[in-house]
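Here are a few short exercises to work through with the model open beside you. Try each task before reading its solution.

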Amino acid sequence: MTTNRSILATVLAWLRAGYPHGIPREDYVALFAVLHRKLTDREVDEVIEGLLASGGVLDRAAIETAIARLAHEKPGADDVNRVAARLAAGGWPLGDPSEA
């Protein structure tokens, strides 16, 4: 469990580094798609809760809307690539985050 917590803390740090001024709503769906490539549903939920708890990085209503959209649409490759590049700039690894 400690390893899981350290991975989640690391992911939160990457998100904060990649999006120092907060995550724009237009990136939510693509961001969730990128996160789901490496994390379980539960881990993504924990990351979202961590961001909400940190103060204003995300908007709960917008997250719920984005999750509903994610269930019905897939983000475009350009959107996913843009979000992945922002996360990579913040330190997000191209491999498995447990290898970081």
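## Exercise 1: a pair within one helix

In this predicted model, E46 and R42 form a salt bridge, with 3.1 Å between their closest N and O atoms. Find where the two residues lie, and decide for each whether the side chain is buried or exposed.

*Solution.*
- Step 1: Locate the pair. Both E46 and R42 belong to helix α3, which covers residues 41–53. They are 4 residues apart, about one turn of the helix.
- Step 2: Take E46. Its relative accessibility is 19%, and buried means under 20%, so E46 counts as buried.
- Step 3: Take R42. Its relative accessibility is 57%, and exposed means over 50%, so R42 counts as exposed.

## Exercise 2: a shared arginine

Work out which residues form salt bridges with R82, and where those partners lie.

*Solution.*
- Step 1: Start with D27. The closest N and O atoms of R82 and D27 are 2.3 Å apart. This pair links distant parts of the chain, since R82 sits in helix α5 and D27 in the loop between α1 (2–18) and α2, 55 residues away.
- Step 2: Go on to D79. Here the closest N and O atoms are 2.9 Å apart. R82 and D79 are both in helix α5, 3 residues from each other, about one turn of the helix.
- Step 3: Put the pairs together. Through shared partners, salt bridges join D27, D79 and R82 into one network.
- Step 4: Add accessibility. D27 is buried at 2%, whereas R82 is partly exposed at 34% and D79 is partly exposed at 29%.
- Step 5: Check the total. The model has 3 salt bridges by this rule.

## Exercise 3: two helices that cross

Describe how helix α2 packs against helix α5, and which residues meet.

*Solution.*
- Step 1: Read the geometry. Helix α2 (residues 28–38) and helix α5 (residues 77–89) pack at about 65°, and their axes are 8 Å apart.
- Step 2: Classify the angle. Values of 65 to 115 degrees count as roughly perpendicular, and α2 and α5 are therefore roughly perpendicular to each other.
- Step 3: Give the handedness. The crossing of α2 past α5 is right-handed.
- Step 4: List the contacts. From α2 come A30, L31, V34 and R37; they meet D79, V80, V83, A84 and L87 of α5.
- Step 5: Sort them by class. The contact of α2 with α5 holds 7 nonpolar and 2 charged residues, with no polar ones.

Methods:
Residues numbered from 1 in each chain as written. Predicted model: local features only at pLDDT ≥ 70, side-chain atom pairs only at ≥ 80, totals over all residues. Heavy atoms only, no water. Axes fitted to C-alpha atoms, helices over the stretch in contact; angles between N-to-C directions. Parallel < 35°, antiparallel > 145°, perpendicular 65-115°, else oblique. Left-handed = near helix turned anticlockwise from the far one by under 90°. Contact = heavy atoms within 4.5 Å. Nonpolar A, V, L, I, M, F, W, Y, C, P; charged D, E, K, R; others polar. Salt bridge = Lys/Arg side-chain N within 4 Å of Asp/Glu carboxyl O. Buried < 20%, exposed > 50% of the residue type's maximum accessible area, 1.4 Å probe, protein only.
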